[in-house]
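Please look through the model below before reading on. Some questions from a new reader come after it.

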2 protein chains.
Amino acid sequence: MLERACRLLQSYNLRNTPQRRAILAILIESRGEHPDSEEIYRRLKANKTGKKVGRATVYRTLELFEKLGIVARLTLDGTPARYELILPERFVHHHLVCLKCGKLIELDDLAAKEFKNTVFRRKGFTVADKAMKIYGYCRDCQNAEQSGKSTAVIDASASIQ
Amino acid sequence: MLERACRLLQSYNLRNTPQRRAILAILIESRGEHPDSEEIYRRLKANKTGKKVGRATVYRTLELFEKLGIVARLTLDGTPARYELILPERFVHHHLVCLKCGKLIELDDLAAKEFKNTVFRRKGFTVADKAMKIYGYCRDCQNAEQSGKSTAVIDASASIQ
DNA sequence: GTTAGTGCAAACGTTTTGCAAGGTA
DNA sequence: TACCTTGCAAAACGTTTGCACTAAC
């Protein structure tokens with residue numbers, strides 16, 4: 001992973017700086033957690049051994065990594081963007097996003113493939129490999145959601161006020 | 001639609017103000033366009049016959065309508081939220097979101113149903129009726145996307161600089 | 001008259017940008 | 001040496017909030 005990134009940087013005359021290495025290291029060690037920019041920044045600061053890193057650099061680096069195809073940016077509603085490594089061996093990253101707890105669950109490609117074909121057939125729309133996000137409720141939150149469903153209108157009135 | 005909204009407001013002791021009526025009217029006349037808050041605000045200002053409406057009121061009204069189930073809020077990446085009426089007769093609103101031109105295409109429920117079942121079977125994840133968003137490339141943008149696909153890395157280097 | 005709703009402006013949190021200083025190749 | 005990259009601070013952006021005023025019921 002690290003070597004792959006180094007090669008990519010080199011091939012574009014981009015510099016292999018300690019900041020970029022540190023951010024990549026955090027992305028590697030937090031695989032599956034989908035940290036946001038603030039979380040990455042926090043971890044950089046916690047890491048006393050490394051150089052000082054500014055918030056702007058975090059954003060600029062993540063943007064760069066995204067362009068290089070090293071990192072995927074995930075956005076969910078109005079919340080801060082979250083980032084994850086793109087693993088070369090498993091290119092497709094569909095996500096199930098829990099509307100209650102915000103958890104991201106990765107969906108295997110197989111289930112998606114058939115659906116993508118259907119969408120293409122019906123609408124001429126090509127589903128992007130890395131960008132499919134499905135909103136709903138995860139197993140853990142499901143009971144709560146179902147009991148809340150029938151009282152949705154009452155919930156609305158409760159939150160007004 | 002208007003009557004339905006009036007009844008909803010009444011039933012919660014919420015007031016039927018000219019601002020709320022104006023915003024609802026815009027949502028009705030812009031069906032299928034998915035305007036964002038700024039676009040709604042702009043149309044309100046353009047409408048000289050109506051009262052003056054502040055930005056905050058637009059946000060507060062849209063939030064209220066969302067809670068009442070009149071309006072659905074759509075968020076796409078880092079772009080401003082977009083809004084659409086929820087039509088009672090067609091409750092489900094899956095969207096195909098074009099990553100290139102930003103167009104939203106509504107996906108009929110049938111194609112989605114089967115996929116939802118698969119997801120539930122495999123992951124115990126319940127896909128929310130109103131919140132499924134599928135990213136990809138619409139028919140119109142597709143040729144451009146395909147020719148760009150193979151040169152993705154070059155594109156990245158081009159936008160660096 | 002009561003209370004919900006409004007406009008304004010200021011605050012908010014995330015992200016982007018300008019710029020001079022610093023570090024990599 | 002060249003110029004990419006950084007940190008800082010300030011700005012930008014969409015959105016939310018506090019408050020005194022207004023208007024619906």
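The exchange below covers the two DNA strands and chain A.

Reader: What kind of model is this, and how are its parts numbered?
Author: Residues are numbered from 1 along each chain as its sequence is written, while chains are lettered from A and ligands numbered from 1 in the order in which they are written. Side-chain values use heavy atoms, without hydrogens and water, local features need pLDDT of at least 70 and side-chain atom pairs pLDDT 80 or more, whereas totals for chains, interfaces and linings use all residues, and the model is predicted.

Reader: How many residues surround DNA strand C?
Author: A residue is near a strand if one of its heavy atoms lies within 4 Å of it. The closest to DNA strand C are A:Arg15, A:Tyr59, B:Arg20, B:Lys52 and B:Thr57, and the number surrounding the strand is 22.

Reader: Which residue has a side-chain N or O atom 2.9 Å from a base nitrogen of DNA strand C?
Author: Polar contacts are pairs of N or O atoms within 3.5 Å; within protein, one must be able to donate a hydrogen and the other to accept it, and residues adjacent in sequence count only if both atoms are side-chain atoms. Backbone atoms of A:Ala81, at 2.9 Å, and B:Gly54, at 3.0 Å, pair with phosphate oxygens of DNA strand C. The base nitrogen is paired with the side chain of B:Arg60.

Reader: Which residue places a polar side-chain atom 3.2 Å from a base nitrogen of DNA strand D?
Author: Phosphate oxygens of DNA strand D lie 3.3 Å from a polar backbone atom of A:Val53 and 3.0 Å from a backbone N or O atom of A:Gly54. The side-chain atom next to the base nitrogen belongs to B:Arg15.

Reader: What share of the atoms of DNA strand D within 4 Å of the protein belongs to sugar or phosphate?
Author: The closest residues to DNA strand D are A:Arg15, A:Arg20, A:Lys52, A:Thr57 and B:Tyr59. Bases make up the rest of the strand atoms within 4 Å of the protein, and the share of sugar or phosphate is 69%.

Reader: How many helices and strands does chain A have?
Author: Helices (H or I, at least four residues) and strands (E, at least two) are DSSP runs, numbered from the N terminus. The order in chain A is α-α-α-α-β-β-β-β-α-β-β-α-α. The count for chain A is seven helices and six strands.

Reader: Which backbone oxygen does the side chain of A:Ser11 reach?
Author: A:Ser11 lies in helix α1, residues 2-11 of chain A. Its side chain reaches, at 2.8 Å, the backbone oxygen of A:Leu8.
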